[in-house]
Protein chains: 2
Amino acid sequence: MPELRKDIVTREWIILAKERAKRPSDFSKADREEIPKTDPATCPFCPGNEHMTPPELLAYRRKGTERNGPGWWVRVIPNKFAALSYEGTLEHKEVGIYDVMSGVGAHEVVVEMPEHDKQLFQADKKQIEEVIWAYRDRYMALREDPRIKYILIFKNYGVTAGSSIAHSHSQIVGTPVIPQKIMSKIRGVDQYREYVEKCVYCDVIDWELQDGERVVSENESFVTIAPFASRSPFHLLILPKEHCSCFARMDRITIADFASILKDTLVRLDKCLNNPPYNYTLITAPVESDQLENFHWHLEIIPRLTTPAGFEIGTSIYINVTPPEEAARYLREISVDEGECKTG
Amino acid sequence: MPELRKDIVTREWIILAKERAKRPSDFSKADREEIPKTDPATCPFCPGNEHMTPPELLAYRRKGTERNGPGWWVRVIPNKFAALSYEGTLEHKEVGIYDVMSGVGAHEVVVEMPEHDKQLFQADKKQIEEVIWAYRDRYMALREDPRIKYILIFKNYGVTAGSSIAHSHSQIVGTPVIPQKIMSKIRGVDQYREYVEKCVYCDVIDWELQDGERVVSENESFVTIAPFASRSPFHLLILPKEHCSCFARMDRITIADFASILKDTLVRLDKCLNNPPYNYTLITAPVESDQLENFHWHLEIIPRLTTPAGFEIGTSIYINVTPPEEAARYLREISVDEGECKTG
């Protein structure tokens with residue numbers, strides 16, 4: 001079983017995925033090069049190859065088709081190379097002066113569509129809605145697990161962004177701790193509210209919509225902005241205009257609007273930056289504090305255009321070479337065919 | 001002038017280096033590929049090409065040779081593409097709801113040797129000592145600048161680690177704020193001391209030397225360990241055995257021992273992992289708290305063997321596939337010719 005180990009100085013956890021243990025030769029130069037595209041015939045995420053994955057946790061499929069066979073349009077499976085284990089109890093122990101926790105939780109793959117050669121930004125809006133419903137359904141299922149304290153939904157697109165499989169997919173991880181990065185956002189939201197008596201994200205939305213310079217596009221329910229303190233070029237946030245701590249509370253219309261702005265934003269990035277690698281992360285309140293109304297959920301998109309190096313690693317101060325005002329302007333100027341979202 | 005912008009939620013600063021502003025086409029796929037090695041004839045760090053860099057800040061050179069000409073064995077120059085500016089006053093201002101600070105500070109390059117094709121691990125111990133003296137001399141000079149609150153010394157080695165010039169070099173950045181990452185280490189050290197009444201790094205050294213499993217090598221003054229909560233494969237720490245908050249207080253003998261263990265550690269990494277890309281960062285107390293004895297300086301080495309992706313970006317929980325116990329064992333088993341350091 002994997003284990004979590006706590007940094008004795010910073011109190012940040014790491015996950016030691018021993019099952020995937022690698023020897024020095026596994027890190028040879030060849031392994032650091034681009035991973036070849038998988039062939040649909042041997043792609044574990046293609047219809048017909050369902051036997052190559054663990055049994056499905058969820059599939060939206062045509063009536064009359066069988067579990068773990070073709071006929072689905074979105075499919076969720078356990079990650080075969082899971083960083084955390086579904087089995088086992090949550091146990092803490094001390095190893096000398098150090099803290100260890102059993103690596104229990106969840107690690108799932110959302111196969112976003114049956115097509116092997118299509119990417120998320122190329123899918124139609126309806127299909128993206130279905131992906132978001134799958135995120136929501138799995139989130140609702142995982143939050144029932146008392147061992148899970150936080151659920152992160154994310155996507156790695158392109159080798160530079162850490163993806164090893166070409167077939168379009170995202171991932172869901174349920175962790176037995178609330179990550180420090182999330183805690184620092186929660187603390188920031190709480191501190192701002194203490195001083196200003198408002199939600200910081202609501203204030204950002206008001207300010208940005210009024211100012212306009214960093215707005216990429218918007219629709220009825222959402223706005224995409226390049227944040228004022230963008231950590232890297234074309235760093236973006238998609239924010240729900242209405243204050244809401246948990247993404248899973250979106251209703252049908254809001255989900256459609258979310259799919260619409262996500263597609264709009266990804267299409268702009270693709271056209272502007274020529275199919276860039278990116279990571280997105282859906283940041284929502286921790287499971288147990290969904291009732292706490294303070295948090296404001298959002299989706300963060302980080303194109304991987306520059307390499308964080310020693311300075312960023314040592315200080316966590318990021319050096320960004322593209323002002324967000326310019327990034328937003330370039331993205332606004334892209335023309336999007338199905339434009340349901342308006343710019344600036 | 002560059003500017004610092006504060007994230008309104010997490011209160012982390014970013015540096016916006018507007019002078020290096022990039023357009024979308026600058027991030028084309030070609031730019032994301034490997035950067036070709038520079039030719040010594042056009043290498044700005046080679047002897048004879050001193051006119052290609054800004055005037056030197058420091059050079060250790062043979063008697064009778066002229067400033068900004070050949071004859072040096074270590075040379076420090078301002079970074080031509082500086083992230084922070086030497087000129088200007090430190091000013092805070094508010095832009096709407098956001099905080100901005102003028103991007104003043106320092107950004108320097110330490111050219112570690114005259115040879116173009118040699119790397120730090122291949123230099124002899126004496127040369128590495130000279131590099132450390134240069135770090136120390138520039139640190140002592142920069143700490144006189146009242147605008148500078150923190151000084152980070154770091155090295156990016158290899159394209160994957162963010163290096164764009166092949167000639168062996170490291171960098172020094174003086175920032176007008178104490179970075180949050182450093183603050184979180186200082187807080188961790190203080191909190192541990194409050195509970196246990198000891199230095200956490202001293203306790204780690206005692207524990208690791210006694211346990212032995214994660215020790216790579218040691219000499220009279222230093223020990224290299226794979227930390228218990230290693231964030232990535234072959235993550236290493238070089239720790240001074242004697243408690244000391246500031247690296248610049250090392251005496252002549254300790255500097256020689258530091259050069260010796262740094263060379264030993266880099267040679268082991270090179271042999272074990274076939275010339276891996278890496279970043280190292282020298283983490284020392286903030287300038288103004290050098291008198292505060294709580295901190296324990298150290299050098300952190302992160303080989304860039306895996307790609308942090310959405311999960312790490314969203315949570316700051318790193319997934320590591322190589323147990324530090326195994327990394328340390330592999331590194332101990334490497335035979336090092338000039339072995340002045342002993343293993344476990």
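Which residue of β15(B) stands opposite A:Ile14? I looked this up before anything else, in what is a predicted model. A:Ile14 faces B:Tyr318. The strands concerned are β2 of chain A, residues 13-16, and β15 of chain B, residues 318-320; they run parallel and are joined by 3 bridges.

**Entry 1. The sheet shared by both chains**

I followed the pairing outward from that contact. β15(B) belongs to an open sheet of 5 strands, and the order I read is β5(A)-β6(A)-β1(A)-β2(A)-β15(B). The pairing in this sheet is mixed. At the edges I found β5 of chain A (92-95) and β15 of chain B, each of which pairs on one side only. Direction ignored, neighbouring strands are turned by 30° against each other on average.

Next I checked how β2(A) pairs within its own chain. Its partner there is β1 of chain A, residues 3-6, in the antiparallel sense and over 4 bridges. One pair I noted is A:Lys6 opposite A:Trp13.

**Entry 2. How the two chains are related**

I superposed chain B on chain A. A turn of 180° with a shift of 0.0 Å along the axis lays one on the other with an RMSD of 0.0 Å. The two copies are therefore related by a two-fold axis. The same surface serves both: 100% of the contact residues of chain B recur in chain A.

I then went through the contact itself. Each side is listed with its own count, 81 residues from chain B and 81 residues from chain A. On the chain B side, helix α2 (residues 180-196) gives the most, with 7 residues. I sorted this side by class and got 43 nonpolar, 21 polar and 17 charged residues.

**Entry 3. The two domains of chain A**

Chain A is divided into domain 1, covering 3-177, and domain 2, covering 181-333. I get 23 Å between their C-alpha centres. The contact between them takes 26 residues from domain 1 and 22 residues from domain 2.

Which elements give two or more residues to the domain 1 side? They are α1 (125-142) and β8 (150-157) of chain A. The largest share of that side, 9 residues, comes from α1(A). By class I count 17 nonpolar, 3 polar and 6 charged residues there.

**Entry 4. The sheet of chain B**

I turned to chain B and traced an open sheet of 10 strands. The order is β3-β4-β7-β9-β8-β13-β14-β12-β11-β10, with antiparallel pairing. Its edge strands are β3 (58-61) and β10, each pairing on one side only. Neighbouring strands here are turned by 15° against each other on average, direction ignored. Helix α1 of chain B (residues 125-142) packs on this sheet and touches β3, β4, β7, β8, β9 and β13. I put its direction at about 35° to that of β4(B).

Is β7(B) mostly covered or mostly open? It is mostly covered: 6 of its 6 residues (106-111) are buried. I checked the faces separately. On one side B:Ala106, B:Glu108 and B:Val110 are buried, and on the other B:His107, B:Val109 and B:Val111.

I also looked at the neighbours of β7(B). β4 of chain B (residues 72-78) pairs with β7(B) in the antiparallel sense over 4 bridges, and B:Val76 has B:Val110 as its bridge partner. β9 of chain B (residues 169-175) pairs with β7(B) over 6 bridges, also antiparallel, and here B:Ala106 is matched with B:Gly174. Elsewhere in the sheet, 3 bridges join β12(B) (residues 236-240) to β14(B) (residues 298-303), antiparallel. B:Leu237 and B:Glu300 are bridge partners there.

**Entry 5. Helix α6 of chain B**

For α6(B), residues 324-333, I listed the buried residues: B:Pro324, B:Ala327, B:Ala328, B:Tyr330, B:Leu331 and B:Arg332. What covers them includes β10 (215-218) and α4 (252-273) of chain B.

**Entry 6. A:Glu242**

Last, I looked up A:Glu242, which lies in the loop between β12 (236-240) and α4 (252-273) of chain A. I have A:Glu242 as partly exposed because 13 other C-beta atoms lie within 10 Å. A:Cys202 is 40 residues apart from A:Glu242 along the chain, and their C-alpha atoms are separated by 7.8 Å.

Methods: Residues numbered from 1 in each chain as written. Chains lettered and ligands numbered in written order. Predicted model: local features only at pLDDT ≥ 70, side-chain atom pairs only at ≥ 80, totals over all residues. Least-squares fit on C-alpha atoms with pLDDT ≥ 70 in both. Contact = placed C-beta atoms within 7 Å. Nonpolar A, V, L, I, M, F, W, Y, C, P; charged D, E, K, R; others polar. Pairing = 2+ DSSP bridges. Axes fitted to C-alpha atoms, helices over the stretch in contact; angles between N-to-C directions. Buried ≥ 20, exposed ≤ 12 C-beta atoms within 10 Å, placed from the backbone. Domains from an automatic or database assignment.
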